[in-house]
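Colleague: Mind walking me through the strands and the sulfur chemistry in this one? I'd like short reasoning with each reply.

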Amino acid sequence: MTRSGEDATLLARYDALGPVGVEELRGWWRGRELSTEHPLSGILEPLGWWGKWFGGPDDAHPLVFRRRDGGCQELDPVRIPLSLMIPCAPLLRARVAVAGFHAVAPMLGTTRPRGRLRVSTFRGVSTATLVYDHQPILDAFRRVGPDVVMGAMDLRGMATPYLFELTRNPEGCR
């Protein structure tokens with residue numbers, strides 16, 4: 001099977017999953033990228049992406065990253081230049097780019113929520129969706145199991161969504 005065939009299979013798996021309620025997402029969620037041909041695939045984890053935190057419908061933190069000291073911080077998506085990340089995606093996997101990101105990450109932090117959870121219809125299913133405050137991004141979630149959801153990041157201008165998985169982590173980012 002070709003890579004695009006694998007991507008289609010993964011997207012079909014997402015489409016077959018059931019919806020998630022907004023209140024079910026409260027808490028800490030550990031993220032894992034799903035390997036696809038999407039330009040952003042394989043970038044977030046090397047940069048230290050840990051996952052997401054949802055305090056409630058109006059208290060969403062879309063980007064929780066590991067700091068160099070092992071702790072975590074929420075990053076403000078508006079400070080991340082997506083218009084540059086997409087065309088430069090292959091370069092962002094290089095060690096020098098990862099080191100550069102870790103050097104500037106403290107300046108990208110926020111303590112304020114940078115998204116909201118709402119129900120929206122995505123790919124024919126009404127489900128909990130993270131609406132980013134200042135980026136043209138929606139993360140629509142589907143249930144894999146009681147403590148696992150699959151997310152599809154819908155970024156304006158991208159032909160296919162970026163797929164990832166979140167696993168509930170009651171202990172928080174540790």
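Colleague: How many bridges join strand β9 to β10?

Modeller: This is a predicted model, where local features need pLDDT of at least 70, side-chain atom pairs count only at pLDDT 80 or more, and totals for chains, interfaces and linings use all residues. Residues are numbered from 1 along each chain as its sequence is written, and side-chain values use heavy atoms, with hydrogens and water left out. Strands are DSSP E runs of at least two residues, numbered from the N terminus, and two of them pair if DSSP finds at least two bridges between them. β9 (residues 137-145) and β10 run antiparallel, and the bridges joining them number eight.

Colleague: And on the other side, which residue in β11 is the bridge partner of Ala 152?

Modeller: β10 also runs antiparallel to β11 (residues 162-168), with six bridges. Ala 152 in β10 stands opposite Ala 140, and its bridge partner in β11 is Leu 163.

Colleague: How many residues of β10 are buried?

Modeller: Buried means under 20% relative accessible area, using a 1.4 Å probe and protein chains only. β10 spans residues 148-155 and is mostly covered; of its eight residues, the buried ones number six.

Colleague: Which parts does the disulfide tie together, and how many residues apart are they in sequence?

Modeller: A disulfide here is a pair of cysteine sulfur atoms within 2.5 Å, and Cys 72 and Cys 173 qualify with S to S at 1.5 Å. Cys 72 sits in strand β5 (residues 72-75) and Cys 173 in the segment after β11, so the pair ties together parts whose separation in sequence is 101 residues.

Key. Buried means under 20% relative accessible area, exposed over 50%, partly exposed in between (1.4 Å probe, protein chains only). Helices (H or I, at least four residues) and strands (E, at least two) are DSSP runs, numbered from the N terminus.
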